[in-house]
Amino acid sequence: MTAKLTIKPLKEWLPVSIKPLIIAGPCSAETEEQVMDTARGLSDIPQVKVFRAGIWKPRTRPGAFEGVGTSGLQWLQRVKRETGMLVAVEVANPKHVEDALDYGIDILWIGARTVVNPFAVQEIGETIGNRDIPVMIKNPLNPDLKTWIGAIERLNQMGLKKLVAIHRGFSFFHRSPYRNAPMWEIPIELKRLYPNLPLIVDPSHICGNRELIPGIVQKALDLEMNGIMIETHHNPSKALTDKNQQITPAQLQEILTHTILRRKTGNIEFGQKLEELRSEIDKLDEELIEILARRMNVVAEIGSYKKTNKITILQLKRWNQIIQERIEAGIKLGLSREFILKLLESVHEEGIRCQIEVMNHENPSEKL
Ligand code: PEP
Ligand code: MN
C-alpha cells in the first residue's frame, strides 16, 4: 500500500526553524479589522510563525456564512506585510488556488471535505503546477487512512514535495466528548508509514470546544507530532464560524506556556530502564497474541459445532452476558470500561468473521 514519498523537510523550506510549528488564526477571515486585531495579538507570541484564515468556508448547510471570498486575500497580504508571519488559506478548487497564489499566499491547505475527492485533489495539484508552494493536507472526515495517504501521494507524484499532513479528527458515530474523534491510531500509523512526512494536529476541529484543547495539544506533542494549527480569534464569542472552539491569542499563549515539550530520549540509565520495560511489554504482547489465537481456535470449534447443529452464529444473550462480565472483571483490575468494550468488540467481530468462514467452508474440520 505504501508508495514512497519524496518529502522536503520542513526546515528546508520554512524560513523559520521553530519547533514545534505553530500555525494560528481565525477559522474565517470576517473583516479586515478582525483579521488585523487577531494577527497583531498573535504576532506578540514568538512561536507563531504562520497565520491561518479561511477565505472560502465549506459549510455543512447552505445559508450560513460562506467566507468573504477573494476580497479577504488582501487582508492576509497586510498581515504578512505588517507582522512578518507567513499566511495560509484553505483551497478547494482551481479558482481558489489561482486567487491565493495571485495574492502571494505562502501555504495552501486542503480541507477535510475536499481531500476525499481525488478529482478535486488532482485539479488543485494541476493548478499549482510547478509553482513550488507548500500544501498541507487534512485527513478526510471519515476515518480512512487510505484516502488521506492517496491525496498526499497524488500531490507528491505531481511534483509537490513541501507537504504537511494535518490531523483534525474523524467524524464518528460513537458518542465522544470531541467534535471529531481523535482516533490517534490513524495519525500514528501515518507517521509509522511515512516518518519523514511532517504531521501536525488541529486541536480546534478535534475538540469543537475550547476547554478540551490543551489536552489534545499536549497529547499530540507527546506523540511527536511536528506542530499545531489552532483556530484563534480576537473575540471568539462573536466569531461567525466555529465560535465554541476558537481561543484568543492570550489563551493560546497560556496553552503554549503550559505545554510540556518532552525530550525524545534521556540519559543512559533512563535508556536501560526503558529497555527493561520494553522487553517486559514484548513478552506480554507475545503471550497476549498466543492467548488470542487460542481463543480464536475455540471460537472456530464452536462455529463448526453450531454448523453441525444448524444453529445461528450470533447469540445476543450470550454476547451481552460476556460484555457485562468482562467489563466488571476488567474494571476490578483498573482497566477502563471503554477500553474493554473496544477490545471485546474487536475480538467479537473477528470471532464472527471466523465463524462465518467456518459455516461457508465445505469441510470445516479440514480447515481447523
Ligand atoms: C478549517 O480549518 O476551518 C476547516 C474548515 O477545517 P476542516 O476542513 O478540518 O473541517
Ligand atoms: Mn473552523
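Which residue is the bridge partner of F51 in β3? The bridge partner is V87. This briefing concerns a predicted model, in which the protein is divided into domain 1 (10-258) and domain 2 (268-366). The topics below are the domains, the parallel strands β1 to β4, and the site of the manganese ion (ligand 2).

**Domains**
- Domain 1 covers residues 10-258, and domain 2 covers residues 268-366.
- The centres of domain 1 and domain 2, taken over C-alpha atoms, are separated by 39 Å.

**Strands β1 and β2**
- Strand β1 (21-25) pairs with β2 in the parallel sense, over three bridges.
- A24 has F51 as its bridge partner in β2.
- Between β1 and β2 the chain passes through α2, and this β-α-β crossover is right-handed.
- Strand β2 (residues 48-52) is mostly covered, with four of its five residues buried.

**Strand β3 and its link to β2**
- Three bridges also connect β2 with β3, and the pairing is again in the parallel sense.
- F51 of this pairing is matched with V87 in β3.
- Helix α3 (residues 73-83) carries the chain from β2 to β3 in a right-handed β-α-β crossover.
- Strand β3 (residues 86-90) is largely enclosed by the rest of the structure, because five of its five residues are buried.
- In a regular strand, side chains alternate between the two faces of the sheet.
- In β3 both faces are covered: L86, A88 and E90 are buried on one side, and V87 and V89 are buried on the other.

**Strand β4**
- Strand β4 (residues 107-110) runs parallel to β3 and is joined to it by three bridges.
- Within β4, W109 stands opposite E90.
- A right-handed β-α-β unit is formed by β3, helix α4 (residues 94-102) and β4.

**Manganese site**
- The manganese ion (ligand 2) has four residues listed as its protein donors, namely C27 (SG), H205 (NE2), E231 (OE) and D242 (OD).
- These donors lie 2.1 to 2.4 Å from the manganese ion.
- Along the chain, the donors follow the spacing C-x177-H-x25-E-x10-D.
- C27 and E231 link distant parts of the chain, being 204 residues apart.
- C27 lies in the loop between β1 (21-25) and α2 (32-43), whereas E231 belongs to strand β8 (residues 227-231).
- Both of these donors, C27 and E231, are buried.

Terms used:
Residues are numbered from 1 along each chain as its sequence is written. Chains are lettered from A and ligands numbered from 1 in the order in which they are written. This is a predicted model: local features need pLDDT of at least 70, side-chain atom pairs count only at pLDDT 80 or more; totals for chains, interfaces and linings use all residues. Side-chain values use heavy atoms; hydrogens and water are left out. Donors are N, O and S atoms within 2.8 Å of the metal (3.2 Å for Na, K and Ca); water is not among the atoms, so sites may look incomplete. Helices (H or I, at least four residues) and strands (E, at least two) are DSSP runs, numbered from the N terminus. Buried means under 20% relative accessible area, exposed over 50%, partly exposed in between (1.4 Å probe, protein chains only). Domain bounds come from an automatic or database domain assignment. Two strands pair if DSSP finds at least two bridges between them. A crossover is right-handed if, with the strands pointing away from the viewer, the path from the first strand over the helix to the second runs clockwise.
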